Amino acid sequence: MPNLARRIDTDEPQHSATVLLTDGDALAVRSATGEHRCRRAASCLLAPEPGDRVLVAVVEGERWVLAVLERREGAGASRVEVQGDLELRAPNGAVTVAAGEGVTLVTPREATVAAGSLRVDAGVTALALGEVAAVAARVESEVGRLRARYGVVDAVAERVSERVKRAYRWVEEFEQLRARRLDWEAKETLQVHAGDALVTSEGLVKVDGAQIHLG
């Protein structure tokens, strides 16, 4: 039995080593037995970095890094890294990503969020978008204060309804309105003032009031 135990230790030892170099899933490590080339096991999700202390196992003559035991002193951010697609699943529960200093999502391709409902709670929201294409059956928003600056705004809508308490518009150069029918109603006072005013009609022009003052 002692001989068998020694043979197993020789064929499949597990020991710690220090990472020297990394090249994808290939690593060079130094242990008590010397310097060796290893492969990162699929279960080793934390990507080893030079200077890290790792657990090495020899399986059928091939060395594998199973886990990172200790990060080197002064190491930077830890990276969970896999080759190929990565999917997180919790079939009977929820997934939470929490960080004390912030969360960043980065991809050069498309980012997709598919949810039954989406809720965003933020003290401050800053968006820098090159192009926005939105399709929504219904949009409801409650905004305490909105300040927007646009270069060009083009809108096409079947119906637009607005209800405001006070509305102010300043047009610096030119404003044009074209409509098949136009209906303005003021319950108290309608005032139009201009340097020059011109009213033309191809049909009837009617002015009706209890008193009419011209000039």
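A polar contact is taken here as a pair of N or O atoms within 3.5 Å, one able to donate a hydrogen and the other to accept it. In the predicted model, the side chain of Asp52 takes part in contacts of this kind with backbone nitrogens. A polar atom of the Asp52 side chain lies 2.8 Å from the backbone nitrogen of Glu49, and the side chain of Asp52 also reaches the backbone nitrogen of Arg72, at 3.0 Å. Asp52 is located in the loop between β3 (34-40) and β4 (53-59). Its relative accessibility is 0%, so Asp52 counts as buried. When neighbours within four places in sequence are left aside, the residues in contact with Asp52 are Ala17, Thr18, Val19, Ala47, Val68, Glu70, Arg71 and Arg72.

Side chains of opposite charge can pair when their charged atoms come close. The structure contains 11 salt bridges. One of them joins Glu62 to Arg39, with an N to O distance of 3.2 Å. This pair links distant parts of the chain, since Glu62 belongs to strand β5 and Arg39 to strand β3, 23 residues apart. Glu62 is partly exposed at 31% relative accessibility, and Arg39 is partly exposed at 43%. A salt bridge also connects Glu35 and Arg30, whose closest N and O atoms are 3.2 Å apart. Here Glu35 is exposed, with 55% relative accessibility, whereas Arg30 is partly exposed, with a relative accessible area of 43%.

In the salt bridge between Arg89 and Glu87, the closest N and O atoms are 2.2 Å apart. Arg89 has a relative accessible area of 68% and is exposed; Glu87 is likewise exposed, at 53%. Elsewhere, Asp25, Arg40, Glu49, Arg79 and Glu81 are joined into one network by salt bridges that share partners.

Nonpolar side chains also form a patch on the surface, made up of Leu45, Val80, Val82, Leu86, Leu88, Val95, Val97, Val103 and Leu105. Together these residues have about 950 Å² of accessible area. Val80, one of the patch residues, lies in the segment after β5 (62-70). At 61% relative accessibility, Val80 counts as exposed.

The structure has 1 aromatic pair. The ring centres of Tyr168 and Trp170 are 6.1 Å apart and the ring planes are at 20°, so the pair is stacked. Both Tyr168 and Trp170 are exposed. Glu188 is found in the segment after β5 and is exposed, with a relative accessible area of 78%. Glu188 is 77 residues from Ala111 in sequence, and their C-alpha atoms are 53 Å apart in space.

Note on methods. Residues are numbered from 1 along each chain as its sequence is written. This is a predicted model: local features need pLDDT of at least 70, side-chain atom pairs count only at pLDDT 80 or more; totals for chains, interfaces and linings use all residues. Side-chain values use heavy atoms; hydrogens and water are left out. Rings of Phe, Tyr and Trp (its six-membered ring) pair if their centres lie within 6.5 Å; planes under 30 degrees apart count as stacked, over 60 as edge-to-face and the rest as tilted. Buried means under 20% relative accessible area, exposed over 50%, partly exposed in between (1.4 Å probe, protein chains only). Patches are made of residues with over 30% relative accessible area and no salt bridge: like charges are joined within 9 Å, nonpolar side chains (Val, Leu, Ile, Met, Phe, Trp, Tyr) within 5 Å. Accessible areas come from the Shrake-Rupley method with a 1.4 Å probe; for residues, only the protein chains shown count as cover. A salt bridge is a side-chain nitrogen of Lys or Arg within 4 Å of a carboxyl oxygen of Asp or Glu. Helices (H or I, at least four residues) and strands (E, at least two) are DSSP runs, numbered from the N terminus. Contact means heavy atoms within 4.5 Å.
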